[in-house]
Amino acid sequence: MLTSFPRLRAILLRLAQAIPVVIGVVVISFLLTRALPGDPAVYFAGVAADEASIEETRVAMGLDKSLPVQFVRYVGDLLQGDLGQSLSSGRPVATDLANRLPASLELTLTALILAVVIAVPLGILAATRPGTWVDHLCRVVVTAGVSLPTFFTGILLIYIFYYLMGIAPSPLGRLDFIYLSPDHVTGFYLIDAALMGDWETWRGAAKQLVLPAATLALFTLAPIARMTRAAMLTALSSDYIRTAKAAGLSNGTVLYRYAFRNSLLPVVTTLGMVFSFALGANVLVEKVFAWPGIGSYAVEALVVSDYAAVQGFVLAMALLFVALNLVIDLLYTTIDPRIGFGAQ
Amino acid sequence: MSDTTSTDLPRQEGTLDHVLYVLRANPVTLIAFGMFAFLILSALFGPALVPYDPLATNASNALQPPSWAHWFGTDQIGRDVFSRVIVATRLDLTISVAAVAISFVVGSVLGCIAGYWGGWPDIILNRFLDTIMAFPLFVLAMGIVAALGNTVENIIYATAIINMPFYARLVRSEVNIRRDAGFVRAAKLAGNSDIRVLATQIFPNALPPMMVQVSLNLGWAILNAAGLSFIGLGVSPPTAEWGIMVAEGANFIVSGEWWLAVFPGLWLMFAVFTFNLLGDGLRDIVDPRKRT
């Protein structure tokens, strides 16, 4: 029956391919929670625990059972959305992460949109005018971009725009104290403030967002620009472009209808890798700007040895990344109808 | 006379000529080698040459801006930032070199096994690598260090684990395409064991692309290790290390004491930049077609 819907079949096949990866991710994060040096029960019981409460934690967490039994329990808890209790906040880790996720997503997505908007035109320009200043600029940006430690770029930007020029607000979180945070609808301050029609708050939130987003964008820009340039160069030197030019099509049509559309595929592939970098760099950027997202939550948890929170964060990030890759792969079929997953 | 000498050039000189030709065409690579030598020298001799003890405090001389006595200024408890930055080179390079060496060796062995024999070890390895790559790598490193314990060795292991898939995949494909090549069959017919053929005939072919990967990876490993110590993992405070120095300096940047964070950050950038340039240059030498 499915053979009559090749597109649907391809999508289902890709979804099925994600299953072993998710299983692998869960196994590794299970091993990480159990690999704590010494006795995990001691860690999860907290610093002030005595002999009895450690034993209680051990039984409550099922740590007295065998590893396979523990794993089944762990998976059972996960399926109910239970990532354990955070020692520092006293709330379930899943709740904490859900509360803080919008802040991280708002930052990461803004940065990625910013990076794509700058990097893709830069790459196209560099590919169409090789050897000119645009090309050299592209090369410098690409090499510098991958060498810059994100946390250092962030600190430099704070020094220049906050301390020296005084045009950026103090790098402390999502909103200055003089504003009230907007009503919670999506958790994205920019969207929530716009929904309320509170443009004063919107401007305040946007101002706070500019520096961290720029820091993250500078970091993610490089691979995107590099890939766009390389893919455009390949596309532009191919036969179909020569044919299109010979057929008398305008430059714009050749460039955007034919060359760009064909080079989109490697660019979108790179986006998957860029997401991995961005999610990691996010942690550092959030620490620099005191951004209340899940990255700084994990860093705070690390400092106080709150392991359930850290491992919950690692697992959540991995699942988010798997989901993102899935979306990117599904995008392929839209961008390039030649791709059929069944053929692979 | 001169005719015979020019035709009798041995093959080694041909390679050397090629290297010289590439270096001349791309002087940036030459500069990168110079920068690399500088880093190595400061790692080897830096601790003996720096003007001050990197741990010596001097409260009366705290937070001084850069001057002739203290090139990079002094920090909040009067330690000389220049000495600390230079001394830190050894630790940062050690962490990244050790991590890359571990991932090189482990990745090579796993990749050889999977690429040469195929079958179920290949399937298992690929599944395992897919799983590692399914994590955002820096986040996985955080998780590993948190689980194994907060020490410098564990930073090295974590960095090695997240870099390992790149090597294993590279070696696997390089070995796989050669396992039925003519010279491999000849070596087997001559009576060499599988492992000997693998080690002496097949694996050396994977080395040139591996070298490029190593160089690019070193920069990334330094960034990764510095990032981990920036968020407070691994290296603990009095030790001089670039990431932790930037983290400590970050508290003073909003009040204008820029030299605390900027100089270690610049050095970190310099090291990563060197390895990236070196990697690009090596790639030009190994495979000129792959330039982007």
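**Notebook: helices, salt bridges, core and interface of a two-chain model**

I began with B:Arg127 and B:Asp130, which both lie in helix α5 of chain B, 3 residues apart, about one turn of the helix; helices (H or I, at least four residues) are DSSP runs numbered from the N terminus, as are strands (E, at least two). The model is a predicted one, in which local features need pLDDT of at least 70 and side-chain atom pairs count only at pLDDT 80 or more, whereas totals for chains, interfaces and linings use all residues. Residues are numbered from 1 along each chain as its sequence is written, chains are lettered from A in the order in which they are written, and side-chain values use heavy atoms, with hydrogens and water left out.

**Salt bridges**

I found that B:Arg127 forms a salt bridge with B:Asp130, the closest N and O atoms being 3.1 Å apart, where a salt bridge is a side-chain nitrogen of Lys or Arg within 4 Å of a carboxyl oxygen of Asp or Glu. B:Arg127 has a relative accessible area of 43% and B:Asp130 one of 26%, so I noted both as partly exposed, taking buried as under 20% relative accessible area, exposed as over 50% and partly exposed as in between (1.4 Å probe, protein chains only). I also noted that B:Arg127, B:Asp130 and B:Arg169 are linked in a network of salt bridges.

In helix α7 (residues 152–178) of chain B, I looked up B:Arg178 and B:Glu174, 4 residues apart and again about one turn of the helix, and their closest N and O atoms are 2.9 Å apart in a salt bridge. B:Glu174 is buried, at 18% relative accessible area.

In chain A, I recorded a salt bridge between A:Arg100 and A:Glu300 at 3.8 Å between the closest N and O atoms. This pair links distant parts of the chain, helix α5 (residues 93–128) and helix α12 (residues 294–303), 200 residues apart. A:Arg100 is partly exposed at 21%, and A:Glu300 is likewise partly exposed at 44%. Over all chains the count is 6 salt bridges.

**Core**

I then turned to the largest nonpolar core, a set of buried Ala, Val, Leu, Ile, Met, Phe, Trp, Tyr and Cys residues joined through side-chain atoms within 4.5 Å. This core has 163 residues, and A:Phe151, A:Phe313, B:Met142, B:Phe230 and B:Ile231 have the most contacts inside it. Helix α9 (residues 194–230) of chain B gives the most to this core, with 15 residues. Setting aside residues up to four places away in sequence, I listed the residues that A:Phe151 touches (heavy atoms within 4.5 Å), among them A:Leu284, B:Phe230 and B:Leu268.

**Interface**

How much area do chain B and chain A bury between them? I noted about 3900 Å², 78% of it on carbon and sulfur atoms, buried area being the accessible area (1.4 Å probe) that two parts lose on being put together, summed over both. The contact takes 45 residues from chain B and 47 residues from chain A, yet I found 0 salt bridges across this interface. On the side of chain B that touches chain A, α11(B) supplies the largest share, 12 residues.

**Chains**

Finally, I looked up the secondary structure, which comes to 13 helices and 0 strands in chain A and to 11 helices and 0 strands in chain B. Buried residues make up 46% of the 344 residues in chain A and 50% of the 292 residues in chain B.
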